[in-house]
Amino acid sequence: MGVENCKLVELPVIHDPQGNLTFIEQKRHVPFEISRVYHTYDVPGGARRGGHAHKACRELLVAMSGSFEVVVDDGEKRDSFRLNRSYVGLYLPPMIWRELVDFSSGSVCMVLASDYYDEDDYIRDYERFREVATGLES
Ligand code: TYD
C-alpha cells in the first residue's frame with residue numbers, strides 16, 4: 001500500500017443552530033469493521049507520536065479538537081496531512097509509517113481501528129519497516 005492510498009474522508013455533518021453533529025458508520029465511512037476506538041489528549045507542545053507502522057491494522061484518524069500534522073511514508077514516498085476538522089478523517093491502510101507532529105494545544109486525536117490492540121502488529125523500527133515495505137525482507 002502506497003501513500004496514495006491514504007485518503008481524507010469527509011464525514012456527514014448534520015448542521016444545526018444548536019450545534020453540529022457528525023457520525024461515522026463502519027463499512028460506510030470507514031472501509032472496515034471497527035474493533036477499537038482510542039484517543040490521545042493532553043499532548044504537550046513539541047510532542048511527536050506515532051513512529052510506527054501496522055502490518056494489518058487499518059485506522060481512521062480524526063482531529064476531534066485542535067489540529068495536528070500526520071506525516072505518512074510507504075518506504076519510498078512521503079506525504080502529509082493537516083487534520084483540523086472533526087468532520088474529516090484520514091484513512092491509513094496497513095504498512096504506512098506515520099508520525100504525528102505539530103499538535104496544537106488542547107488537541108484530541110480519535111482513532112478508529114480495524115483490530116484489537118496487538119503489539120505484534122506494530123513495526124516500530126523505521127529501517128526494518130523500509131526493508132519490509134520495499135520487499136527487501138518479508
Ligand atoms: P502507540 O500506538 O505507540 O501510541 P501513538 O501511536 O499514539 O504514539 O501506543 C502507546 C502505548 O499505548 C504503547 O505502550 C501501547 C499502548 N496502547 C494500548 O495498550 N492499547 C491501544 O489501543 C493503543 C493504541 C496503545
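Nine residues surround the ligand here: Arg 36, Tyr 38, Thr 40, Arg 49, Gly 50, His 52, Tyr 117, Tyr 122 and Arg 124. Keep in mind that this is a predicted model. Beyond the ligand site, there are 11 salt bridges to look at, plus a couple of loop aspartates with positive phi, Asp 42 and Asp 102.

**Around the ligand**

- The shell is an even mix, with three nonpolar, three polar and three charged residues.
- Arg 36 puts a polar side-chain atom 2.6 Å from an oxygen atom of the ligand.
- Tyr 122 has a side-chain N or O atom that is also 2.6 Å from a ligand oxygen.
- For His 52, the distance from a polar side-chain atom to an oxygen atom of the ligand is 2.8 Å.
- On its own the ligand would expose 540 Å², and the protein buries 62% of that.
- Which elements give two or more residues to the shell? Those are S4 and S5.

**Two aspartates with positive phi**

- Asp 42 sits in the loop that links strand S4 (36-40) to strand S5 (49-54).
- Its phi is near 55°, which is positive although the residue isn't glycine.
- Is Asp 42 buried or exposed? Asp 42 is exposed, because its relative accessible area of 69% is over the 50% cut-off.
- Asp 102 has a phi near 55° too, again a positive value outside glycine.
- You'll find Asp 102 in the loop between strand S10 (97-101) and strand S11 (108-113).

**Salt bridges**

- Side chains of opposite charge can pair up when their charged atoms come close.
- Glu 59 pairs with Arg 98, and their closest N and O atoms are 2.8 Å apart.
- Glu 59 belongs to strand S6 (residues 59-65) and Arg 98 to strand S10, so this pair ties together parts that are 39 residues apart in sequence.
- Both Glu 59 and Arg 98 are buried.
- Glu 4, Asp 74 and Lys 77 are joined into one network by salt bridges that share partners.
- Glu 25 and Arg 28 meet through their side chains at 2.8 Å, N to O.
- In that pair, Glu 25 is partly exposed, with a relative accessible area of 30%, while Arg 28 is exposed at 64%.
- Glu 33 and Lys 27 form another salt bridge, with 3.3 Å from N to O.
- Here Glu 33 counts as partly exposed at 47% relative accessibility, and Lys 27 is exposed with a relative accessible area of 57%.

Key
Residues are numbered from 1 along each chain as its sequence is written. This is a predicted model: local features need pLDDT of at least 70, side-chain atom pairs count only at pLDDT 80 or more; totals for chains, interfaces and linings use all residues. Side-chain values use heavy atoms; hydrogens and water are left out. Helices (H or I, at least four residues) and strands (E, at least two) are DSSP runs, numbered from the N terminus. Buried means under 20% relative accessible area, exposed over 50%, partly exposed in between (1.4 Å probe, protein chains only). A residue is near a molecule or strand if one of its heavy atoms lies within 4 Å of it. A polar contact is a pair of N or O atoms within 3.5 Å; within protein, one must be able to donate a hydrogen and the other to accept it, and residues adjacent in sequence count only if both atoms are side-chain atoms. Accessible areas come from the Shrake-Rupley method with a 1.4 Å probe; for residues, only the protein chains shown count as cover. Ala, Val, Leu, Ile, Met, Phe, Trp, Tyr, Cys and Pro count as nonpolar, Asp, Glu, Lys and Arg as charged, and the others, Gly among them, as polar. A salt bridge is a side-chain nitrogen of Lys or Arg within 4 Å of a carboxyl oxygen of Asp or Glu.
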